[in-house]
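These are my notebook entries on one structure. I set out to look up an annotated span and the aromatic contacts.

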Amino acid sequence: MTKAFSQGMHRRDLLRLLGIAGLGSLGVSCAGPGSTTNSDDAAPEEGDVSGAISFAHWRAEDSDVFDEIISDFAAEHDDVSVRQDISPSNDYQSTALQRVRSAAIGDAFTAFRGAQFVDMASAGLFADLSEQPFAQNYQADLITAGQSDGRQLGFPYQLVFNMPVFNVDAFEDAGISEPPADWDGFLDLLDKLASAGYTPMAWPGGEPGNAGQLINSMVMNNAPSEDMFTGMEQGEFDATDDWFVTTLKQYAELRPFFQNNASGTAVEPAQQMFAEGEAAILATGSYHIAAIRDLGAEFPMDLISPITVGADEVQFRGVHNATFILGVNTASDNQATATAFVEYLSRPEVAAVYADGTGQHVTVEGVEYTSPDLQALAHWLDQPTILAPRFQFNDLDMRSAIEDAAIQVVGGKDPEQAAADAQRIVEQRRA
Amino acid sequence: MNTTPTKPGTGHSPPQPPAAAPHPPPRRGRRSSSTVSPLLYLFPVPALVLYAIFFAVPTFQAFQYAMTNWDGFSAAYDNVGLRNFERIATSDDLFRNALTNNLKFVLVVVVFQTLFALILAILLTVNTRGSVMLRALFFFPTILSSVSVAFIWKFMYDPNFGLINSVLETVGLDGLTGAFLGNPNQAIYWVAVTQVWFHAGQMMVIFIAGLQQVPKEMYEAAEVDGASRWGRFRHVTWPMIAPATAIVMAYTTIQSFKAFDLILGLGGNPPKQSMDILSTRIYAGFTNSEFGYAAAESIYFMVVIALITWAQRRIVRLTQAGAQ
């Protein structure tokens with residue numbers, strides 16, 4: 001080599017070098033993917049609560065309330081600061097796992113219930129919070145979505161009702177005083193609203209994420225089990241089964257009661273129609289009530305689910321979801337402070353601040369809601385509601401195929417054809 | 001290779017112009033041109049290292065991941081050989097649907113964007129104040145972020161509050177109103193319209209640069225020869241702007257395959273099947289914790305872009321050779 005350099009290097013030598021470098025790159029790139037192992041770390045029950053932590057979540061609309069809560073938390077401890085790292089929900093769904101895993105953000109973090117929680121738990125991101133005393137602050141039946149292998153890895157914080165919201169004044173105006181007892185009663189209710197000059201239901205069919213919420217109510221009594229979609233994923237049920245085809249046929253019956261061209265409507269215009277009193281029902285969920293108020297709506301609101309079966313077959317009146325799962329990152333080097341922050345959020349008085357500030361119910365026990373909207377919906381806490389079925393899917397493509405079938409039926413597609421097309425995707429995804 | 005100067009008027013070399021300086025005599029001890037100082041080879045090393053880290057290694061890794069069922073976070077995974085590629089090719093309707101949508105999208109965008117850009121460029125080649133102002137106006141959408149563009153057009157297309165349906169209703173053309181992005185048979189074409197609006201001005205600038213390079217004498221000569229306006233375009237302009245056309249078409253194609261943020265902005269994440277294209281499909285794979293499978297889809301994606309770009313360049317060359 002010394003000789004070659006002293007005499008100059010030939011092109012052939014350069015090519016050899018490049019070849020060696022290329023093979024080196026190939027070798028480096030052949031290192032196996034994946035570097036995370038499942039962790040059994042438990043979050044510390046005690047420790048030095050100090051320093052800076054990051055709190056990663058997706059709810060930009062809650063940032064002011066969290067700022068207030070963080071400020072109070074910091075006042076309790078010397079030398080503590082909490083930075084909110086907020087990503088839009090779609091980005092959070094896609095990238096949070098990678099970003100939180102690297103511990104670049106999210107000493108304390110949140111996860112969506114369902115596929116994201118399962119993946120994050122598999123990746124060992126959640127410190128075990130089972131032994132934390134503040135676990136007792138939560139309503140036990142509402143935090144099962146944060147459990148894995150018998151361990152409480154996270155606490156679902158929000159209690160959302162993923163069922164249509166209605167304008168109480170519009171219902172009174174249309175002469176509706178009782179909730180419908182069955183499917184015919186529900187169609188009759190929509191008919192009365194149309195006769196009174198309202199668009200019976202505003203539905204954001206142009207936006208799958210929000211459009212998909214209606215399927216929760218539509219299947220809750222047609223398939224009254226909390227794991228029907230899990231069963232579909234595992235091959236126990238098909239999209240061509242009677243219960244799902246019936247559901248799609250009922251979507252077809254709802255066509256005249258949605259706004260025109262509903263399958264192309266985005267969520268903001270649907271909210272606008274509802275907030276302005278043009279539409280009587282907004283077929284999304286309670287999580288939109290705060291946004292409706294921001295749009296200037298002053299009418300009282302409540303929730304209503306389509307009852308898709310006969311009166312004697314009704315098992316559920318509504319849908320709930322416990323999500324925004326709070327956790328502590330095993331990769332964090334300041335777990336004590338992150339755990340202390342989660343503990344702080346779990347106090348009833350702090351959860352009440354969050355609930356009232358965001359218009360969301362919470363899973364923490366003993367919270368007294370002062371927001372009129374939350375008080376108005378509080379009766380749903382005691383109603384027979386099903387855990388939102390759509391979040392049982394861990395395979396997002398399968399979920400999209402099922403939801404897309406419903407959207408296409410509203411757009412005019414034959415329900416049986418839509419079911420068959422969805423089934424084809426379901427089978428391919430199972431393979 | 002050493003060069004030996006030839007005496008003027010001798011040998012096979014053409015005669016040198018009298019003003020040309022004679023070639024300097026070869027320096028003593030000058031090295032062969034294939035041999036250079038080894039230190040010179042160190043200069044590209046930083047660039048090569050960066051290239052290896054950020055391009056070569058990830059590309060090789062994509063091939064490796066494509067042969068696994070890695071979920072993106074676990075330490076454990078299985079090597080599945082070519083099974084991912086086989087599944088994509090034989091039993092993945094979602095990928096096939098995304099590919100079909102993407103080809104429709106590319107076709108519409110490449111044809112109309114190139115056409116509009118060329119027409120605008122021809123109309124605005126002259127450097128008058130009005131042309132410059134109009135060029136800036138047509139170029140303006142390009143400087144917007146794709147998220148803003150998606151937001152603007154989402155409301156244009158909205159069936160209830162959107163500008164398009166409102167205008168149609170106002171002028172009594174209610175029959176032409178529609179669901180636009182909500183119509184599964186049309187959605188991808190409406191996205192294509194947005195893409196053309198977004199980037200036609202950018203491509204116009206490339207064409208203007210190409211058009212301004214065409215010597216005026218060629219048009220004058222063609223005019224003297226009796227060429228009509230169309231004849232001048234066909235036999236002078238079109239062949240002379242071949243490089244610009246090739247760049248525009250190749251760039252538009254690649255841009256159309258990567259219209260990822262526009263689709264997500266217009267259609268949400270994940271978009272409906274009617275708006276799903278290859279880049280959003282691959283992203284859905286990563287979101288769905290199927291990194292190995294998504295890597296295999298990425299490789300198909302790369303091959304499709306390469307094939308289409310190559311075919312386009314061939315077509316442009318052939319049509320422009322035919323026009324000459």
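Entry 1. I took helices as DSSP runs of H or I with at least four residues, and strands as runs of E with at least two. The model is predicted. For residues 99–312 of chain B, I found the span to be 74% helix and 0% strand, with its end C-alpha atoms 18 Å apart. The unreviewed UniProt entry annotates these residues as "domain: ABC transmembrane type-1".

Entry 2. I then looked up aromatic pairs and obtained a count of 42 over all chains. For A:Trp58 and A:Tyr92, I noted ring centres 5.2 Å apart and planes at 50°; the pair is tilted because edge-to-face requires over 60 degrees and stacked requires under 30. A:Trp58 lies in the loop between strand 2 (51–57) and helix 3 (63–76) of chain A, while A:Tyr92 belongs to helix 4 (residues 89–101) of chain A. The two are 34 residues apart, and the pair links distant parts of the chain. I recorded both A:Trp58 and A:Tyr92 as buried. They also belong to one aromatic cluster, with members including A:Phe55, A:Phe66 and A:Tyr354.

Entry 3. In chain B, I examined B:Phe151 and B:Phe155, an edge-to-face pair with 5.1 Å between centres and 70° between planes. Both sit in helix 5 (residues 146–157), and about one helical turn separates them because they are four residues apart. B:Phe151 is partly exposed at 47% relative accessible area, and B:Phe155 is partly exposed at 28%.

Entry 4. Lastly, I noted that the charged end of B:Arg87 sits over the ring of B:Tyr293, 3.9 Å from the ring centre.

Technical notes. Residues are numbered from 1 along each chain as its sequence is written. Chains are lettered from A and ligands numbered from 1 in the order in which they are written. This is a predicted model: local features need pLDDT of at least 70, side-chain atom pairs count only at pLDDT 80 or more; totals for chains, interfaces and linings use all residues. Side-chain values use heavy atoms; hydrogens and water are left out. UniProt positions are given in the numbering used here, feature names are shortened, and annotations may be inferred rather than shown by experiment. Rings of Phe, Tyr and Trp (its six-membered ring) pair if their centres lie within 6.5 Å; planes under 30 degrees apart count as stacked, over 60 as edge-to-face and the rest as tilted. Buried means under 20% relative accessible area, exposed over 50%, partly exposed in between (1.4 Å probe, protein chains only). A charge sits over a ring if NZ of Lys or CZ of Arg is within 6 Å of the ring centre and within 35 degrees of the ring normal.
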